[in-house]
Each structure stands twice: as C-alpha cells, then as structure tokens.
Number of protein chains: 2
Amino acid sequence: MGAKVNEDLLSERKKCEFNVEELTNYLDGGAKATENRRKLERKVLSTKGLIDNVPEEFLSHKEKYENAVRKAVLFYKAMKDAEDPNLSEQERANTTYRSLLPSAVFKDNSPFTLHVAMFIPAILGHADEEQKKYWMNRASKMEIIGTYAQTELGHGTFIRGLETTATYDPKTEEFVMHSPTLTSYKWWPGSLAHTANYCVVMAHLYSQGKSCGIQPFIIQLRDEETHMPLPGIKLGEIGAKLGFNTVNNGFLGFENHRIPRNRMLMKNAQVLKDGTFRKSPNSKLTYGTMVYVRVVIVNGMANQLARAVTIAVRYSAVRRQSELKPEKSSNSKLTYGTMVYVRVVIVNAMANQLARAVTIAVRYSAVRRQSELKPDAGEPQILDFVTQQHKLFIAIASSHAFSLTAKWLTRMYYKVTADLEKGNMDELPELHAIACCLKAVTSWDTSAMTERCRTSCGGHGYMLSSNLPQIYGLVTAAVTYEGENTVLMLQTARSLVKAWEQAAAGKPLSPTMSYLSEKIDKKQKWDNSVDGIIKGFRRVATGKVASAVASMKKYIKRGLDPEDAWNMSSVQLVAASEAHCRAFILSTYKAEVDRTTGSLSEPLRRLLNELVQLYAIYWTLEKLGDLLLYTSISENDIRELQSTYEDLLGRIRPNAVGLVDAFDFSDQILNSTLGAYDGRVYERLMEEALKSPLNAEPVNQSFHKYLKPFMQGKL
Amino acid sequence: MGAKVNEDLLSERKKCEFNVEELTNYLDGGAKATENRRKLERKVLSTKGLIDNVPEEFLSHKEKYENAVRKAVLFYKAMKDAEDPNLSEQERANTTYRSLLPSAVFKDNSPFTLHVAMFIPAILGHADEEQKKYWMNRASKMEIIGTYAQTELGHGTFIRGLETTATYDPKTEEFVMHSPTLTSYKWWPGSLAHTANYCVVMAHLYSQGKSCGIQPFIIQLRDEETHMPLPGIKLGEIGAKLGFNTVNNGFLGFENHRIPRNRMLMKNAQVLKDGTFRKSPNSKLTYGTMVYVRVVIVNGMANQLARAVTIAVRYSAVRRQSELKPEKSSNSKLTYGTMVYVRVVIVNAMANQLARAVTIAVRYSAVRRQSELKPDAGEPQILDFVTQQHKLFIAIASSHAFSLTAKWLTRMYYKVTADLEKGNMDELPELHAIACCLKAVTSWDTSAMTERCRTSCGGHGYMLSSNLPQIYGLVTAAVTYEGENTVLMLQTARSLVKAWEQAAAGKPLSPTMSYLSEKIDKKQKWDNSVDGIIKGFRRVATGKVASAVASMKKYIKRGLDPEDAWNMSSVQLVAASEAHCRAFILSTYKAEVDRTTGSLSEPLRRLLNELVQLYAIYWTLEKLGDLLLYTSISENDIRELQSTYEDLLGRIRPNAVGLVDAFDFSDQILNSTLGAYDGRVYERLMEEALKSPLNAEPVNQSFHKYLKPFMQGKL
C-alpha cells in the first residue's frame, strides 16, 4: 500500500484547464491570505496528540466527551501559539474566513466553543463597565469557563415564553433564581453539562412584585476547586444527538438558588438596592444577546478561541449603540444588526461545509469506476455519468454563490452598522429581511446538496469514515437553530408584503426589493441569458407576493381575522420569500463574479462565469412552473436551456477535480476516506476499518457468552 | 411526573371525527389481523431483557454490537415462543405486514438479520437437492449462522465487475478461493464481521483455464468450536456507519483458501470432478440471489427469524422456475421476478417507516406550544400553523399511498409469478419497470419527508432520543442499496423509451404504459378533479419521454454514439421516469382507495378520500412546471387548487392525531421521547437524558485531568 496518487486523479489534474492556485487565492482573498491560512493550519496540525488514534465514532458517548476535553485544551494552546502578531486585523480575518481547522481536530466540535462564542460576547454586550472589567479579566484568561443559557425545554425560538424566574429580594439584596416547571429547565447550551463553571442565564426578572422582562444574569454553576454543582443548581447533559456530540450540551435547573445583586448584568437595565427597576436609555430589553456567534460553531471558527475573542471584542466595539431586543417588539430595528451578523456567519459556514462535501464526492467520483457506458469499453469513472455531474457540479457553483453572497452581506453589514452609529437605521430592516431568508435557503440547499453528495458516493458515503454523514449532521442543524427556517422565511415575507403595499401606495422601495414595484408584463420577451433569468426570477417573486396578498384578502373577505388569513396563506408566503431569495442569490452571485474576476486569467474567468450560468439554468429548470406562470418563457427557450445545461456539464467536467482541489482543504480538514488528495480510497477505507476496536481481537467475547450456547441449543 | 396523558392530546382525541380502530383494522387488513399483530407484539415485548436500560446511543461501537448479540438471541427465542400454530399462512403474513417489532428491540437492527434474509434464501435458491437437505437442516436449527457476500470494496451495483476468484483444481478436487486485489475484498455483508461462521460467497469461477461466470459457494469462515477464522480467511468489520451499526457489517478476503468441490452450490451450474463446467437448462448465471430479503432489514421483518424462514421457504416454492440472472443479460426476464419482490418489500418498508416518523412529528406538534398567532391569545399548538400542516399531512397521505401501492404490487407479483409457472412471462418486464422507479421514488420521498418530520420538531428532533435521526438513517440507506436509485430510474426510462417506440410503430402497449400512445393535445380541457390530475400527470410523462427521445436524436444527429446520446440525455430520462412513477402512484392510490373503502363508515371513507385529494393536489403544485408545459392547466385552475389545498389541510387538522394513532404503533416500537401515546414529551426527554452515563457522576474525571490544570494556568 504505497502512498502514490491514484492514476485517475493524476490524469484529471493534467486535464485541468485553469490554474488551481489562482482560484485558491481568489477564494481566499489573495495569495497572502492563502499563505497565512496554510501557515496557521500547518503549525496547529503538527501539534502532537490532536489527531485521534481511534476515530471518534468508535468511542462511547462518555469517552467522546473526555477525549474532546483533552483535545480542546491542546487545541486552545496550539491556536494561541500559532498566532502571528504581525498580521493586521483584516489579515487575521482573512486567514480564518475559509479555514475549517477545528474540523481536523473535532469531527463533532469542541466543548469549549460556547465560552468564546456566547459567554464572552454576552458579558461584552450586557455587563456594565465594572462588571465587564472583572469578568472579562477572568474569562479571557480562561480562569473560568462559561456558557450561555437561554433556550428552555419548552421554549426555543419564542423568547417571550421563557419561564425561568429571577425574583429580587431587597432584604438580602439577592436574586432568587428558580425553575418553576420542568419545561423551564434550560436545555441545549453547549459546555453546560460538565464543562462550564459559569453561565450567563436569561431569566424573567420580577422586582417589587412586577415583571421586568427577560434579563441576563451571570451565575456560578460549579465550585472552582471541586467542580461540584453549587447547592440549588441542577446540572446534567441532554443526551446523544444527530451531531455536536462532543460539545457537551446540557440542562440547568434552579431550586430557589440565591445570587448577589451584582450578578445581574446591568449595562442595559438595573435593579437598585431597594428593588427599583431602571432601563438604560435607548434599550428596553436585553436578551437574545450575541446569538451571532452561536453559529460560528458550524463555521468552526469559534473553536479558534484566541481568534474568536478578538472577533467578539471587535464586534462589540462596532455595535456599541445597537442594543438587543426581541425581533417583534416595537423598537425592534436595533436588534437587527446582531441577527444579521449571525446569519452572515451561517451563510458563510454553509458555503465552506458544502465545499467540503463536494470535494469528497468529486474526488471519489473520479476514482470510482463502475458499470459500463459502452460495451467492452471498460468501466468508466462514475464522474463521466451525466447524472452524476448533474448532482455534483451545482454543489460547486452553490458553494461559490453562497460564499460571495456572504461576502456581500458582510460588507453591507459593516456599512449599515456604521450608518447606525450616525443614527441612520434606514437600511437595517431591508438587510434583516434578506439575511433571514438567506439563512433559511442556504441551510436548506446545503443540507439537500450535502446529502446528494453523500448518496452520489453510493454505499461508501454511508460510512462514517467518509465524513459525509457527519458533515450533514453539522449543516442540517442550521435548519432548526438560530431561528427555525420557516419562521425566518415568514419574517422575510412580512417585509415583502409591506414593500408590496408601499409600492401600491407609490412609495419608493429599498434596493433589494425595488423590483417589486415593476408591473408584471407577461408579454415582455424572455431572454435566456443570466441577466434575463435574474429578471425572470424577480418577476416570479413579484407575482408570488401579489398572489399571496390576493389570497389573504380573499380570506379576510370570507370573514377571517388578518392573523388567520396570514396563517392560511403562509405556505404561499414562504414560496414568495423563496422566490425573492433565489433572485437575490443569483443576482448577487452574478454581480460579485463580474466585479471581482476582472484581473483573473482568461481560462479561470471563463470557468467561473460558466459556473454562474450553470447555477442560473439549474434553478430555472428546477423552478419552471413559477417561470411559466409569471414570465413569457417558451417551450423552445426551455429546450435550449436544457441543451445549454448539458453542454455546460461537459465543459466543467475536465475541470471538476481542479475546482474542488482549489478549495484547498488539507486531508486532515476533510477527514475523509473517500476525499483525500491522493485518491487512495480503498486503502483508506480498509485502514480506517482496521482501527475499529472490534477488529482488535479475532473472536468477540459475545461468541462465548451468547452465540456458542445458542448454536449448541443450550440457551 | 405522573403518567397521565397530555391535555392537548386528550382534546385532540375527543375532536377526532372518525373511528380510529376502524382505520387501524383497514390498514392491517381486518380486525382479526390487528388482534393477531397486537397479541404477537405484546407477547414478545414482555420478554425480560429485550429493552435496554442504557439506550444504545450511549454505548461504544463495540458495546453496541455485544449488546445486540445478547438481545438477538433472546429475541429469536421470544419470536419462536410467540408463534401461533393456529394461524394460516395468510394470517401470519398479515400479522407481520405492518409490524415493526424488531424496531422496539434494535434501534439499528439485529446482527442475525442476514442469516434468514440472505443465507437461507441463497441456499434455497442455489443448492442442489442433496446440498439443500444438509445445509437447510443446519441453518434452520441455527446450528450455524450464515451470511451472504456479494458486494466488494470496488464493486456494488455492477455485478459483472466482481473480482473474487474461485479456481477449480482437479488434482485435489478443490476450489481455490482468492482475493487478488484489495478492491476484491467482500465489503458490507451484515453478520460477516464477528457473528457468522458460514457464508455464501459469489465469486468468479475459473475451470479448465476458462471463465465460467459468477457462481455461489458455501464457505466455512470460522471454527465452530473456537470461532477463530480459518486459515486463509481474513475477516473484520468495516467500521461505523450512518445507521445499521449493530448488524455487524464485515469484510472478507481469501488467501488461496481451499474448499472441497461440493461447496459450490450446484443447483444451477455444476463443476464435475474433472473440471467440466455445466449449466442447468434454463439458467445461465445464478448470482444475485435473493437480494429480495436484504431489504427486509428495513422493514424489520427479517429480524423475526422464525417468521422469515417461513417467508423464504414459501417464496422459494413460488419462484421455482424463475432462475436468477443479471439484469442486463440477454435472458434477463427470468431475474425480474426476484428483483420485483425486493422492491415490493422496500416500498412497503418505506410506508411503515414514514408512518413511524409522522406519528412522532404529529403528536409532538399537538403537544408543543410556541410563538403566537394572535396577540394575547396564548401560545398555539404548533400543529395549528398551516406551514406545519403542509409539512406533515402529506407524509400521512404518502404512507397510505405507498402502502396501497405495495399491496397492488404484491398482488401483481403473485399473478405474474403464477403466469411464469405456466411459461407466460409477458407481464414481467412491465412489472420490473414499475418496481424499479417505485423503489427509487418512494425511498427518495420517504427520506425527504422523514427529514421534514424531524426538522418540524425543531431542535428536539435532533436528539437521538426522538428516534427521528435513526429512522432517517434506516430509510436513506434504501436510496443507495439494492440498486442505486439513479440507475434504477434509468432502467425504467429504458422501458419507457421502448414503449414509446412501440407506440410510434403502432404496436400495443402494456397496461401501465398504454397512456404513452395517446396524443398530447394541449387544448384538451384541464380538470381539477383527482382523475383530471392523474390524466395530467400521464400527459406529462408522455411529454417528457417524447422530449428525452427528441434530445437523444439530436445528439445522434450531432454525431454522438447512441450510448453517449443516452448519457447526455440521462437527466431528462430520469425526469421522465419520475413523471411516469408519480402518475402511477397517484392512480394506484386513488384506485385502491376506491376499491377497498366501500364498506367503511362514511366519516372514515370521506377522510381517506380527502387524503387522496391532498396527495394529488400537493404533487400538482410541486410539479406545476411540467403540468404547465404539457397540459392546459391555467392560472385560475392553480389558484383554485391552492385554495382547495388550504381547505383540505383545515379539514384534516382535527383528525391528524387520530390518523397517526390509527397506525397503532406501540410506544416501544416508536421508541421516541417525542412521539409516545401519552404525549409526556418533556418528562421523557428528561428521563432519557438522565440515562446518559455522563450523568451518573456530578464531576467527570476530565475536570481533574485537564480542565482544572488548564484553568489554573498549569498546562
């Protein structure tokens, strides 16, 4: 079993028509960024003890956790040691933007994630100056390990429903933390079960007999010396999950647990000694904090603790004025900034994970030979089947599309946040509306395409050693966390309906929705170019919003309340959101490629444009019904698009391996028997299988205990 | 934590407009069948030791296997003891048709499955009379445990590519079994790793220097006393997978391992002492045997070993004449019978598993309260959100549709097999064509809808204690096993193209494809009834076949070989197959409901018809593009259908819990914290979490080893 590269992959790489390194640099944001990223990856991954001898999937649930804690400590130090003090802020950001370093160490994420991703940002967002100084000192040195507890067993997305109470007792100047019901137990926070000893807890505050809304409290969970849970604090882990099994998700209940008054984080609201409740100007409620970094879990960036602290601090500086509020409350514009940021991170994470999945699937498809196309011509690479190309190439294009969309969104986010500082929040609602549907659509698409990558590898994709099932576990989680997708789609729909009404009233619309004011003219000539397709998708979105509004009106006419009419039409409203989102992704993808590829060499620029075209036609053919309803696309146009699509698959085919090579994932980050650079698929499958502890002995004890007596009729 | 039923579920059950028991009986095939099924389930599930104290998901990979062997032995005895000798063959079949008993015991299936599902059928199908007598005697008493090895590391669906060799040595009258390459290692067979001591192995036979095709050999793998692998036999397990982790999938390699001549199974072909190779009349190749029961794994039926032996024997009697051959070989009609049978079992398994998933999701949606629809009206049951109804009710209808389609297919299968015995195999190719696409479409739909059920439960669906991730693991496996779905869709497409050409030549078509000869007339008035929709879907299928054929002709005209033209058009060909399949499922669903519900009470009959209508409209709205292209459906028709769809959701809403109650899964079979009959969702989530071994101690050892020194800066 030599280590030479598979012949088929070698010849694929010879066929490639563009410079792979050039594309890698383009994706990274420059050659320097590629170099820095690689340097960081090399340094960290050379740390001893970070790579498992026995793969995680063979361990028990408990062993997985213990092994993850062991590695988390090592990884933290390795990341700190690898820090390059000469890099600027922007360079650091570039280095980690596309890096999935933690994936090389934790198939299922680190138990420290929440400390940086949630605990520190919560302190930065909610603590007053004195509190911040004290707690940030301890937290940033990792003297304490914290997490953030908001979601309860009975309440997730709907924050106002939270049941945990914090009742102020002026006699002792303490808050009494209590979990009045089983459903009020905090449930899900990572690190909470056995790792963290501190926690920011969101609870319903009562003082002087009155409700004072949801407020944040910093609470010591465990003794610092013995790690025993403090009296009145019930802690445990919530059990095994589809993914994230090493992040140590836990539950937390209080039995009239008392904390001093200064453990309420008082930046945005205060309880005075006598129990008087006060809000800071410009901020009504302060929960929901910093959900933004929750998501970095997927991106993997959060595991890079040292780096993430920087991000959190920088972020906190930026959002000084944008206090947090529940999305639906009256003064809700101020919360949008945070929400948007979270969703940018998710969209980017989806792009990166999809790139990982499709790298594995394309390389395997180049190595795997099966079946026959022509009699006696030998078994072809399965990548030569057009149905296989149809499954895979759209995933490459989607990864590019999502990544460029995330970059656009990041720029918008910083612009809008800067405007906010000047007191201008005009563009926030629009940005929030687009971020909602983007999070939903990209996580749905990425989940579906990751599964398509997996099943395109046949049975071997079902093996955990392929890593495809685990990648799916990570991406599908994004469908339900940080705002359930359907709820988010309906938030975008609400903005669309509003915009539609504004347009009807002749008012101007914000840029991403301005097309809604254009009249739908079915006679307008259809055009098969990408720009024509973008126009088409916009007309679809307009048409769908119009028909959802008409449907609501019909229901109201029938006597339904507006809320019920909204509910009855909600399937259509989700469809309208989706159409809007697809139009947006497609137009952004196209515009960003146009804007950023001018200086690239001809073959690469052509290829990137072919991917844009592939993406546009793929979705045209997927959404034909909508286009036929709302545009003048004809059968002839469709036939032509189908044929162009088939041509495009053929043109991309010789560059497929080059395209995934350009994502430049190291074998450790891919962590896959099927996807390694050298294509030694079968050797690796066998090598990984041999690591199974079941293979350490030729006869398992269960033979003597059960099988033998059974076969001999003695049981 | 009392054991009373959740109030919301109680009131749902009061609202229900039909008799739940009546529907259960209908689904089971009569009240008597329901009674027998329940009796069997009660008896077996009262066996001590079958239910785990520590749920499987917390164990290590090795412990999972050992625990599964322990339970497999108990379960086998329990099933045997529960056998009711007074039941007829048909009654026995009815008892197990909808039972998912093994799911109550093995979340991830039994390590004995392959003995009955593959080993015994392989003996029955391939052994000559003398061999059969000897081996069946040992196998049916479970004196030996066997499995079936066909798939290799390098070859799955394409059987002719198998590399394992069996070379006859006339000097010693032995076969030399050999694995010439790494890719020739057998890979995947359940039980193979550490459980089975015998195995039927498919290998490429060479005798007298000539290739004699793929032939079956029965090979002892392990010493019966010590269980040690025999010399020249390399055994091991293949590692962890997305599912099926307790079935003990293994690999097997040979190093010039010698076996006596009589270990070749000689029913269909023989090697004489001198090495002369002979085939039995009417049978050329004999591999691929009995793949049919492989699939029973999903159905769970195979775990019921005693029962499954009966099935296998009965099946073997039925298929006496239908020898097996590779699907593409010249005399391939004879293999179709077996293939069809497998696929019937899969379609039925999909129906049962989808029923399980939607039961969990609907009950949880009735218990879960979240968000708000109207201000100050309290938090609604999430089942009241129309978007939630849209996600779930189609899964109920699909389960019914697949189950009835499987029943139709079973009847056709028996009819066609009976015809075969009379030498008439006219209907076989048609049946084979429909079974191919049905296996593919139902496994795709079931996978997608199971995931939709899971994500509709929000974060809690991500918990393994919900059992939804595991159900997904079982159903998604069907996408790639027993014929990869895309390959199967293209087989159906081949039949469709053939039929299309026959129609063009004025020849008559077989019943399921006869509609292909009707001219597409876009002016034919569209009709929103279910029958109108069926007609519409048939016109779509016709149109898609026509356009795929036109596309192939275009490519041939451009100078491509027919094979390349086929490959270039294969995305369209798959779409044509799908349209054909959807038309078929819909028309069969409608016809079977019409045929079988005449004697039901009015409310139930109405409800079942509403589900048919829901199913028809759901797919109309999903596939609008096709319908707009190939029929005269108008914007008005679509608006009306959308409105009817929303009405239907409202009409089904009060009966949703009743509909899933009627599937009549015991809590043990559901095995879900979210789906139990009493709706004690939150209590069960907590109870299951507390079973995690991590929760057995308040402080995990990793604190002392890693966390404490780390936080104190000593690492």
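1. Lys15(A) counts as partly exposed, because its relative accessibility is 39%, which falls between the 20% and 50% cut-offs. Keep in mind that this is a predicted model. Lys15(A) sits in helix 1, covering residues 7-15 of chain A.

2. Who touches Lys15(A)? Setting aside neighbours within four places in sequence, Lys15(A) is in contact with Arg653(A) and Pro654(A). Trp619(A) is another matter: its C-alpha lies 29 Å from that of Lys15(A), with the two positions 604 residues apart in sequence.

3. Helix 22 of chain A runs over residues 635-652. Its length checks out: 18 residues at 1.5 Å a residue should span 26 Å, and the end C-alpha atoms are 26 Å apart, so the two agree. Plenty of names turn up on the buried list for helix 22, including Ile638(A), Leu641(A), Tyr645(A), Leu648(A), Leu649(A) and Ile652(A). Polar or charged names are there too, among them Asp637(A), Gln642(A) and Glu646(A).

4. On to the overall fold. Chain A has 26 helices and 11 strands. Its radius of gyration is 27 Å, which agrees with the value near 27 Å for a compact globule because the chain has 715 residues. The C-alpha atoms fill a box of roughly 90 × 80 × 65 Å along the principal axes.

5. Buried residues account for 67% of chain A. Of the contacts between residues at least 6 apart in sequence, 75% join residues at least 24 apart.

6. As for the surface, chain A exposes about 24000 Å² of accessible area, 52% of it from carbon and sulfur atoms. The chain carries 91 positive and 78 negative charges, and their mean positions are 3 Å apart.

Definitions and conventions. Residues are numbered from 1 along each chain as its sequence is written. Chains are lettered from A and ligands numbered from 1 in the order in which they are written. This is a predicted model: local features need pLDDT of at least 70, side-chain atom pairs count only at pLDDT 80 or more; totals for chains, interfaces and linings use all residues. Side-chain values use heavy atoms; hydrogens and water are left out. Helices (H or I, at least four residues) and strands (E, at least two) are DSSP runs, numbered from the N terminus. The radius of gyration is taken over C-alpha atoms; the globule rule is 2.2 Å times the number of residues to the power 0.38. Buried means under 20% relative accessible area, exposed over 50%, partly exposed in between (1.4 Å probe, protein chains only). Contact means heavy atoms within 4.5 Å. Accessible areas come from the Shrake-Rupley method with a 1.4 Å probe; for residues, only the protein chains shown count as cover. Lys and Arg count as positive and Asp and Glu as negative; His and the chain ends are not counted. The place of a charge is taken as NZ of Lys, CZ of Arg, CG of Asp or CD of Glu. The expected span of a helix is 1.5 Å times one less than its number of residues.
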